[in-house]
Amino acid sequence: MNILITVKKVVDVELNMHVRDGAIVTDGLQYVMNAWDENAVEAALQLKEKHKAETTVVSIGGGEDVQKIIRRAYAMGIQKGIMIDDPALADADAFVYARVLQKVYEKGAYDLILMGKQAQDTDNGQTGIILAEMLGLPCVSNVIGIEVVDNTHLKVSRVGDFGTEELDVTLPAVITVDVAINTPRLPQTRGLMMAKKMAIETLNLAKLGTTAEAVGCDAPKSRILQFIAPETRKGGRKFEGDPAAVTAEVVQLLVKEAKVL
């Protein structure tokens, strides 16, 4: 089994972010691998260990931050990495990403595409499903379990509207995973050191055999117009004193000010 795993660079959401003039202030930001994509990497590694699958990660974007993300995947145990670096993709949306990934898929001989179900920066959750439609492949989203039946079939579990659903999937296929599928392993020191020496295949749109116009860069279907910071919440009020008196005061505030009683 040959597996392609998509990984995306996202802002570390554990850090404070600031908005100025409708844009995110990028000074001091740090970037990490999208959390759901890390679960996809772990799922691929488990298939590699149990079924001798071959694994390749692909990330769209350039620069040192993307390279670090790919090398983290190497340190976890991924065998190959591809970086799609082209300035025309700076404002790519889900459809553009899907068209680019379609070209990556067509250049390889992949049996399975594993993706995180969504990205932490946009929460769209669309790219995997769009990609499957473009490729004409079966797609299962929100997956929490993968079992290999044979060389051409998987049994997968997904979170549905009314509970867990089990489906039989014929390969090749696209699967998007939920964080509940596993707990990603932490790279070991030896893996981190070896990852520094591993090569990353770098491609642009021309090397993929396509153009910015062909993948839709000139007419994206969605565009971020501006970022709006949430309103600052007022500080809470602390009550001290006799419990009975405090309770009576709180009830009065809920009735007269909050108007929830």
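These legends go with a set of close-up views of a predicted model.

**View 1. The annotated domain, residues 21-212**. An unreviewed UniProt entry labels this stretch "Electron transfer flavoprotein alpha/beta-subunit N-terminal". Over residues 21-212 the chain comes out as 32% helix and 30% strand. The C-alpha atoms at the two ends of that stretch sit 29 Å apart.

**View 2. The largest nonpolar core, with 36 residues**. If you want a way in, start from I5, V41 and L114, which have the most contacts inside this core. At least two residues each come from β1 (2-6), α1, α2, β8, β9, β10 (153-160) and β12. Helix α2 gives the largest share, 7 residues. There is also a second, separate core of 28 residues, with I60, I82, Y110 and L205 among its members.

**View 3. V41 and its contacts**. Here we zoom in on one of the residues with the most contacts inside the largest core. Setting aside neighbours within four places in sequence, V41 touches I5, V7, M33, V57, M76 and I78.

**View 4. E38, a buried residue of helix α1**. The helix in question runs over residues 35-51. E38 has a relative accessible area of 15%, and it counts as buried because that falls under 20%. Skip the neighbours within four places in sequence, and E38 is in contact with M33, R72, M76 and P184.

**View 5. The second largest pocket, about 330 Å³ of space**. Fourteen residues line it, and Y31, K68, I69, R71 and R72 are the closest to the pocket's centre. The elements giving two or more residues to the lining are β5 (31-33), α2 (64-76) and α5 (189-195). Once again α2 turns up: the largest share of this lining, 6 residues, is from that helix. By residue type, the lining splits into 7 nonpolar, 1 polar and 6 charged. R72, one of the residues closest to the centre of this pocket, is also a contact of E38 from the previous view.

**View 6. Helix α4, residues 127-135, and what its buried residues pack against**. The buried residues of this helix are T127, G128, I130, L131, A132 and L135. They pack against a helix, α3 (94-107), and against the strands β8 (112-116), β9 (139-150) and β12 (173-177). Those three strands also appear in View 2, where each supplies at least two residues of the largest core. Right after α4 comes G136, with a positive phi near 70°.

Terms used:
Residues numbered from 1 in each chain as written. Predicted model: local features only at pLDDT ≥ 70, side-chain atom pairs only at ≥ 80, totals over all residues. Heavy atoms only, no water. UniProt positions renumbered as here; feature names shortened; annotations may be inferred. Helix = DSSP H or I, 4+ residues; strand = E, 2+ residues; numbered from the N terminus. 1 Å grid on protein atoms, 1.4 Å probe; cavity = no way out; pocket = protein on both sides within 12 Å on 5 of 7 lines; lining within 4 Å. Points joined across faces, edges and corners; volume = space filled by probe spheres on them. Nonpolar A, V, L, I, M, F, W, Y, C, P; charged D, E, K, R; others polar. Buried < 20%, exposed > 50% of the residue type's maximum accessible area, 1.4 Å probe, protein only. Contact = heavy atoms within 4.5 Å. Core = buried A, V, L, I, M, F, W, Y, C linked by side-chain atoms within 4.5 Å.
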